[in-house]
Amino acid sequence: MCIEVSVIERTIVRFAEPQDLEWCVVEDDSVTEQVTRNKIVNDEIIVAEIDGQLIGYVRLEYLWSKIAYIGMLFVEDAYRRAGVGRKMLDFLENHLKEFGH
C-alpha cells in the first residue's frame, strides 16, 4: 500500500539562510542583492521548501521600522493552490506575535 504525502505535509517553512541568497535574488528582483542579504541576516525573509528545493518566498518589510507588512509573497507555479502560501503566512504570523506585533 502506497500512501502519498500531500504537498503541504512535505513543505518545510523556515527563515532564509545565507545559502538561499542566490535563489531569493532571482525570484525577487524588486530589491537589490544587498537588501536581500540584509533581510536574510535579520530574519525578514521566509522560505518554503520541499525535499531541499525552495518553492516559496515571503519578504517582510516595515513602515517606520515598526509596522510589519508583506513586501513580496511568491510560490512556484507547480505548488500554487496547495496551501504553501498559507503555511508561510502562518509561520510569519506566529513569528510576529512572538515579537508583540
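Are Asp-20 and Arg-14 buried or exposed? I started my notes there. Both residues are buried. I keep in mind that this is a predicted model.

**Entry: the Arg-14 pairs**

I looked up the partners of Arg-14. Asp-20 makes a salt bridge with Arg-14, and the closest N and O atoms are 2.7 Å apart. Glu-49 also forms a salt bridge with Arg-14, at 2.5 Å from N to O. This second pair joins distant parts of the chain. Arg-14 sits in strand β1 (residues 12-15), Glu-49 in strand β2 (residues 45-50), and 35 residues separate them. I checked burial again: Glu-49 and Arg-14 are both buried. As a general note, side chains of opposite charge can pair when their charged atoms come close.

**Entry: other salt bridges**

I took the total next. The structure holds 11 salt bridges. One of them pairs Glu-33 with Arg-37, at 3.0 Å from N to O. Both residues belong to helix α3 (residues 33-41). They are four residues apart, so about one helical turn separates them. How exposed is each partner of this pair? Glu-33 has a relative accessible area of 41%, so I log Glu-33 as partly exposed. Arg-37 has 33% and is partly exposed too.

I also found a network of salt bridges. Its members are Asp-28, Lys-39, Glu-44, Arg-59 and Glu-61.

**Entry: charges overall**

I counted 11 positive and 19 negative charges in the protein chain. The mean positions of the two sets lie 6 Å apart.

**Entry: the fold**

I listed the secondary structure: four helices and four strands. Along the sequence the order is α-β-α-α-β-β-β-α. Then I tested the overall size. For 101 residues, a compact globule would have a radius of gyration near 13 Å. The protein chain has 14 Å, which agrees. Along the principal axes, the C-alpha atoms fill a box of roughly 55 × 30 × 20 Å.

How much of the protein chain is buried? Buried residues are 38% of the 101. The exposed surface of the protein chain is about 6500 Å², and carbon and sulfur atoms supply 52% of it. I then looked at contacts with a separation of 6 or more. Residues 24 or more positions apart account for 54% of these.

**Entry: Ile-8**

I picked Ile-8 to follow a long-range approach. Ile-8 lies in helix α1 (residues 7-10). Which residues does Ile-8 contact, leaving aside its neighbours within four places in sequence? I found Ala-82, Gly-83, Val-84 and Lys-87. The C-alpha atoms of Ile-8 and Val-84 are separated by 6.1 Å, while the two residues are 76 residues apart along the chain. The relative accessible area of Ile-8 is 28%, so Ile-8 goes down as partly exposed.

**Entry: backbone angles**

I went through the phi values last. Most residues other than glycine have a negative phi. Asp-43 is not a glycine, yet its phi is positive, about 55°. Asp-43 lies in the loop between α3 and β2. At 33% relative accessibility, Asp-43 counts as partly exposed.

Arg-81 is another entry: its phi is about 65°, positive, and it is not a glycine. Where is Arg-81 placed? I located Arg-81 in the loop between β4 (67-75) and α4 (84-98). Its relative accessibility is 89%, so Arg-81 counts as exposed. The cut-off I used for exposed is over 50%.

Conventions: Residues are numbered from 1 along each chain as its sequence is written. This is a predicted model: local features need pLDDT of at least 70, side-chain atom pairs count only at pLDDT 80 or more; totals for chains, interfaces and linings use all residues. Side-chain values use heavy atoms; hydrogens and water are left out. Helices (H or I, at least four residues) and strands (E, at least two) are DSSP runs, numbered from the N terminus. The radius of gyration is taken over C-alpha atoms; the globule rule is 2.2 Å times the number of residues to the power 0.38. Buried means under 20% relative accessible area, exposed over 50%, partly exposed in between (1.4 Å probe, protein chains only). Contact means heavy atoms within 4.5 Å. Accessible areas come from the Shrake-Rupley method with a 1.4 Å probe; for residues, only the protein chains shown count as cover. Lys and Arg count as positive and Asp and Glu as negative; His and the chain ends are not counted. The place of a charge is taken as NZ of Lys, CZ of Arg, CG of Asp or CD of Glu. A salt bridge is a side-chain nitrogen of Lys or Arg within 4 Å of a carboxyl oxygen of Asp or Glu.
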